[in-house]
Amino acid sequence: MPMLSSPTTATGAGTHPPRPHFEVADIVREYGEAFRATHHVSHEQARVLRAIAQCRTAALGGHVEACETCGTEQICYNSCRNRHCPKCQGSARAKWLAAEQATLLPVPYFHLVFTLPHQLNPLVRVNQRTLYNLLFQAATQTLQEFARDPDHLGAELGITAVLHTWGQTLTEHVHVHCIVTGGGLSAEGTQWRSSPPRFLFAVQALSQVFRGKYLAGLRRLRAQHKLHFVGASAALAPDEAWTTFLNQVQERSWVVYAKPPWGGPAQVLKYLSRYTPRVALSNARLVFVGEGVVRFRSKDYAAGGTSKIMELRAEEFLRRFLLHVVPSHFVRIRHCGLLANRTRQDKLPRCRQLLAVVAAAVTSVLPTPTGETPAAGLETATPARCPACGGGPLRVSALLAPQRGIPP
């Protein structure tokens, strides 16, 4: 009689990966109900908690895989596919990268990070959609303003912008990563104008323009009554308090960080494969869950990137984790300039023509980051191999209906 192994999930090739020792799902299942009883949880946050708790459990249904060689069977439960779930990013990443690689040009790429001062966090927290959008606009418009200036480049850049809202310890650290072409297309479309190989724009000048654009946007949004002042930001509602606050933020240095440029598309894809899509914390960073506490690895960049262990009460861990749930249907990865959806079909071929190259498809398969596995599916491109005999291919032998009435 064939053996039925423990529940698992398919990855698409090879044997199924071992389940991480601890998962964010364990924290949600153990402490989520108590957290919701004592904290306000938005509709979107509640959906994320429910999805993570049910991910790859009988609550979502699944299928049974059978080995064609030895007859061993194993249960594979379905993924929740929520973009905040640490287990469901591999498949989304693979699909996004497949489309992204077609937009890459054979030029150096620069990596810049635009960060909001932490004094803005209480206001951002209750105006996420509006102020995240403003961050994208201020950062990308700043880059394009510099690029179009004839004294700098006199061309239009290609920009991929990615929103991150977290730091290593899950605190609020709102910033946008911009991956920028090392050059651009002239306004007439007749020239590709390359940037210097090691320098794009002066970060101090970028910082000043970025700050001006973001604060101008804040003033405009308040004048249009599009900002909410709730909770910790309620004190900013009066005119005098608002003016004082803006003056204080204006006096601060806003951080724009430029990393060393990449040599070409291969390095860009390597970066993108690790950081987009991404959630605040992967399961691989968890060290311990139990006794009301959560321990996880973090890097202390102030100490040269030293790895440390952070311990939080489970309640505080969930509070911080949920800070990074973005609004429904919010687009965290955006393309601007040469890469904008409405113009890329015309501009990218022109860029390649001017660069005198033929676009080549990237065929290498990028590895899935540690702790994040592709989502389960009923069909896989390459059959998984049996964990019992190690050789036989696994095929779907039965479907399992969702068991909605049982706890995850």
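Does E291 count as buried or exposed, and at what relative accessibility? In this predicted model, E291 counts as exposed, with a relative accessibility of 70%. The residue sits in the loop between β10 and β11, and its phi is near 55°, a positive value in a residue other than glycine.

R56 offers a second case of this kind. Its phi is also positive, at about 55°, although R56 is not a glycine. R56 belongs to the loop between α2 (43-54) and β2 (62-67). R56 is buried, with a relative accessible area of 14%, because buried means under 20% relative accessible area. The two residues are set side by side below.

| Residue | Phi | Loop | Relative accessibility |
|---|---|---|---|
| R56 | about 55° | between α2 and β2 | 14%, buried |
| E291 | near 55° | between β10 and β11 | 70%, exposed |

**Overall composition and confidence**

The protein chain contains 10 helices and 14 strands. Of its 408 residues, 50% count as buried. The accessible surface amounts to about 19,700 Å², and carbon and sulfur atoms hold 53% of it. Among contacts with a separation of 6 or more, 73% join residues that are 24 or more positions apart.

The mean pLDDT of the chain is 85, and 87% of the residues score at least 70. Among the elements, helix α5 (residues 128-148) has the highest mean pLDDT, 98, and strand β1 (residues 4-8) the lowest, 48. Over residues 1-6 the pLDDT is below 50, and this stretch has 12 contacts beyond near neighbours in sequence. For residues 358-381 the pLDDT likewise stays under 50, with 50 contacts beyond four places in sequence.

**The three-stranded sheet**

The loop that holds E291 joins two strands of an open sheet. This sheet has three strands in the order β10-β11-β12, with antiparallel pairing. Strands β10 (286-290) and β12 (306-313) stand at the edges with a single partner strand each, so one side of each is left without a neighbour in the sheet. Neighbouring strands are turned against each other by 25° on average, direction ignored.

Eight bridges connect β11 (residues 293-300) with β12 in the antiparallel sense. One residue pair in this register is V294 and its bridge partner L312 in β12. Helix α1 (residues 24-38) packs on the sheet and touches β10 and β11, its direction making about 15° with that of β10. Helix α9 (residues 314-322) lies across β10, β11 and β12 and runs at about 110° to β12.

**Nonpolar cores**

The largest nonpolar core has 46 residues, of which L143, Y214 and L218 touch the most other members. Elements giving two or more residues to this core are β4 (109-115), α4 (121-125), α5, β5 (158-166), β6 (172-181), α6 (203-223) and α7 (239-251). Helix α5 gives the most, with 10 residues; α5 is also the element with the highest mean pLDDT.

Which residues does L218 contact, leaving aside its neighbours within four places in sequence? The contacts of L218 are L120, L123, L131, L134, L227, W242 and L246. A second, separate core consists of 31 residues, including F22, V41, C88 and V289.

Terms used: Residues numbered from 1 in each chain as written. Predicted model: local features only at pLDDT ≥ 70, side-chain atom pairs only at ≥ 80, totals over all residues. Heavy atoms only, no water. Pairing = 2+ DSSP bridges. Helix = DSSP H or I, 4+ residues; strand = E, 2+ residues; numbered from the N terminus. Axes fitted to C-alpha atoms, helices over the stretch in contact; angles between N-to-C directions. Contact = heavy atoms within 4.5 Å. pLDDT = per-residue confidence, 0-100. Buried < 20%, exposed > 50% of the residue type's maximum accessible area, 1.4 Å probe, protein only. Areas by Shrake-Rupley, 256 points an atom, 1.4 Å probe, with all protein chains shown as cover. Core = buried A, V, L, I, M, F, W, Y, C linked by side-chain atoms within 4.5 Å.
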